[in-house]
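Thanks for having me; today I would like to walk slowly through one structure and explain each term as we reach it.

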Amino acid sequence: MLTQIEGSLAVAKTVALCRPEVVPAYPISPQTHIVEALSAMVKSGELTPCEFINVESEFSAMSVAIGASAAGARTYTATASQGLLFMVEALYNASGLGLPIVMTVANRAIGAPINIWNDHSDSMSQRDSGWIQMYARSNQEAADLHVQAFRIAEELSTPVMVCMDGFLLTHAVEQVDLPEQEQVDGFLPPYEPRQVLDPADPVTIGAMVGPEAFTEVKYLAHHTHMQALELIPQVAEEFRQAFGRSSGGLVDTYRCEDADTVVVALGSVLGTIQDVVDDLRDEGVSIGAVSLLTLRPFPLDELHEAIRGARRVVVVEKALAVGIGGIGGIVSLNVRVALSDPTLPVYTVIAGLGGRPITMVSLRRLFADAMADRLERTTFLDLDTELVERELARVAAKRRTGPLAENIIRDASAIAARQAAEA
Amino acid sequence: MTTQQIRFYQTGSFAVGNRLVDVELRSVQSTVDRTNSINSGHRACQGCGEALGARYALDAAMRATNNQLIAVNATGCLEVFSTPYPESSWQLPWIHSLFGNAPAVATGVAAAMRVKGRSDVRVVAQGGDGGTVDIGFGALSGMFERNDDVLYICYDNEAYMNTGVQRSGATPPAARTMTTQVVGSEPGNIFGQGKNLPRIAMAHDIPYVATATVADLRDLEDKVEKAMSMRGARYLHVLVPCPLGWGSASGKTIEVARLAKESGLFPVFEAENGVVVSVSPIRRQVPVERYLELQARYKHLLGPHGRPEVVEHLQAIAEKNIARYGLLSGDDGGQGLIPDDVEVAHTFSI
């Protein structure tokens with residue numbers, strides 16, 4: 001049913017259609033609207049049987065999810081940013097135990113400095129946690145991915161993280177085609193756990209494993225992800241047939257045919273990038289875009305195929321690997337291994353950190369520089385180098401310079417005030 | 001609590017022989033009916049108080065729930081010595097997740113049982129003092145506050161024993177651990193404010209809070225059974241001597257536990273909805289030295305180069321407990337008298 005709806009609410013309604021049985025939740029922006037909506041649905045009886053549990057931390061949210069999932073319940077939670085980091089130990093535990101929990105990450109920056117706005121630092125930091133990671137480009141895709149996520153998680157007995165851009169998607173009201181209950185029931189069978197805590201058949205879950213078998217257990221986690229590379233496109237195709245629209249999968253290409261320049265990105269920024277690609281194509285520029293829909297498992301072959309004909313690759317990523325920026329970012333280091341020609345230029349573009357808008361104007365300039373091969377290997381999009389230089393000068397001049405972030409903000413405000421006065 | 005008037009024949013020990021009570025009230029170590037939830041063959045040290053406490057607590061919980069029980073375990077000695085794969089001691093469904101999350105995992109299991117209409121299946125979570133009073137404290141308080149249907153059992157051996165005897169928030173003042181060593185002007189652990197988790201649990205007004213020691217296994221079993229007869233968040237704090245960490249003889253575990261109670265250092269009581277409803281009175285008060293002298297972790301306090309002022313300080317803590325809980329107010333308490341005729345057993349303790 002076509003509805004004009006906020007992204008968070010669309011996700012909450014879709015998750016409810018997946019009949020989760022236990023939903024532990026802890027509030028953190030910008031994820032809160034999702035669990036608020038679910039709590040209301042449980043309390044009103046619209047979503048039943050379901051236990052909604054207000055926990056006292058994200059660490060407990062994931063821990064309650066672990067207990068519920070191990071006891072055979074379909075389990076869902078949502079988090080973001082600091083919350084995702086606070087549950088890290090439990091994240092690895094959930095994947096290590098092979099518990100098919102589905103979680104939304106409303107992508108948000110990580111402090112310090114504290115920042116509630118969107119980037120991908122949070123989920124990128126957990127790329128090796130053993131969770132499958134999928135990135136939604138739109139609210140329609142975010143909603144649809146949750147239906148697929150439960151299927152994928154439960155078939156493989158491994159957890160799935162559905163990442164959607166905080167605020168940009170979670171708080172955006174746009175048209176979403178919400179599925180019907182019968183459609184979802186037809187697509188998503190009841191959860192049949194591989195392992196379950198059952199007094200009738202007692203098992204020990206989570207005991208110690210020594211060097212004699214640890215490698216094999218870990219190898220099988222990797223093997224599961226390799227299976228996911230096959231399953232994810234199958235589930236996306238089944239979804240397309242059942243629901244009549246395409247969502248999810250591993251990789252999606254946009255006007256990449258014979259493209260000299262291919263832009264790779266994740267999440268909602270693809271919309272802006274595709275608009276720029278359209279404009280440039282209209283001007284006769286040979287450029288296309290690739291959406292990385294699944295980051296883990298990493299779709300190496302599909303990406304390889306998608307960028308095969310390119311003469312250069314531009315990776316726009318909303319996260320920063322501090323200390324390795326000179327040779328690439330988190331995503332571009334992954335993309336690099338998918339190149340057929342290792343000498344091909346891969347330009348890393350760090351963009352949209354802490355919610356900085358990624359504008360069409362900036363992207364056009366960026367792509368023009370890339371196509372002229374004028375870019376550094378790593379570029380910080382719209383970086384105010386003068387602000388940075390002045391802080392570096394202050395640091396060089398004096399020992400006790402105080403909180404760096406405050407200095408930058410004061411400097412930026414002073415400039416803005418001066419410009420306003422002059423205007 | 002079931003009580004039975006008995007003739008007290010033994011003198012000196014206060015031990016009520018099993019054979020003196022009615023058959024149905026007798027504690028039985030080994031029968032075909034016993035579930036042996038934590039089975040023999042595990043790797044606990046000789047004289048381990050935690051293994052003993054867990055065996056009696058879980059078997060009692062199994063009896064009380066008609067074997068419809070799921071256990072959640074924090075990381076720690078109990079988790080490590082009862083496994084690794086495939087040599088699990090656990091004869092009931094059991095899950096170990098992390099060090100600091102057992103209360104929350106248990107909440108999740110209980111929620112799953114409720115949503116599946118299996119409220120007959122009950123949940124016990126268990127951990128050591130480190131997992132309970134320190135790293136798992138937030139999750140435990142959350143579980144209490146929500147009044148989730150979980151019995152949490154803390155086996156308190158007063159330090160991080162699994163990692164090699166380091167101080168926890170439950171380590172008593174002056175005790176030697178590997179991170180509170182016997183060096184400097186104030187050897188051993190500091191005299192801090194303490195972290196009395198039974199009282200913190202009571203402050204949540206949860207339905208049931210109790211303490212117990214492995215010196216009185218019938219009392220422990222009784223409290224577990226009582227806890228399982230209730231719904232909501234329940235907390236049981238069991239003192240379990242650790243021969244390795246405490247430097248006590250492995251054959252003295254029961255005696256050490258008994259002296260902890262009899263000195264007043266470890267008050268044994270029950271509370272319902274935030275109010276103390278019963279205490280196990282001290283039967284024959286002993287000075288704290290009697291408890292300390294059995295343990296090498298207090299060796300620096302005693303003897304010719306000892307620290308009598310520190311011992312006095314510990315005695316003051318015992319006196320404070322005695323006053324707070326009225327531990328000497330029982331019928332027979334505090335007189336130091338050995339009964340020679342008839343004892344009215346409040347419980348079968350000691």
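I will begin with how the two chains meet, then turn to the nonpolar core, and end with one glycine.

This is a predicted model, in which local features need pLDDT of at least 70 and side-chain atom pairs count only at pLDDT 80 or more, while totals for chains, interfaces and linings use all residues. Residues are numbered from 1 along each chain as its sequence is written, and chains are lettered from A and ligands numbered from 1 in the order in which they are written.

Where the chains meet, 37 residues of chain B are in contact with 37 residues of chain A, and contact here means that the C-beta atoms of two residues, placed from the backbone, lie within 7 Å. On the chain B side, the largest share, 11 residues, comes from α3(B), where helices are DSSP runs of H or I with at least four residues, strands are runs of E with at least two, and both are numbered from the N terminus.

The largest nonpolar core, a set of buried Ala, Val, Leu, Ile, Met, Phe, Trp, Tyr and Cys residues joined through C-beta atoms within 7 Å, has 228 residues, and its largest share, 10 residues, again comes from α3(B).

Finally, Gly188(B) sits in the loop between β5 and α6 of chain B. Is Gly188(B) buried or exposed? Gly188(B) is buried, because 25 other C-beta atoms lie within 10 Å; the cut-off for buried is 20 or more, whereas exposed means 12 or fewer and partly exposed falls in between.
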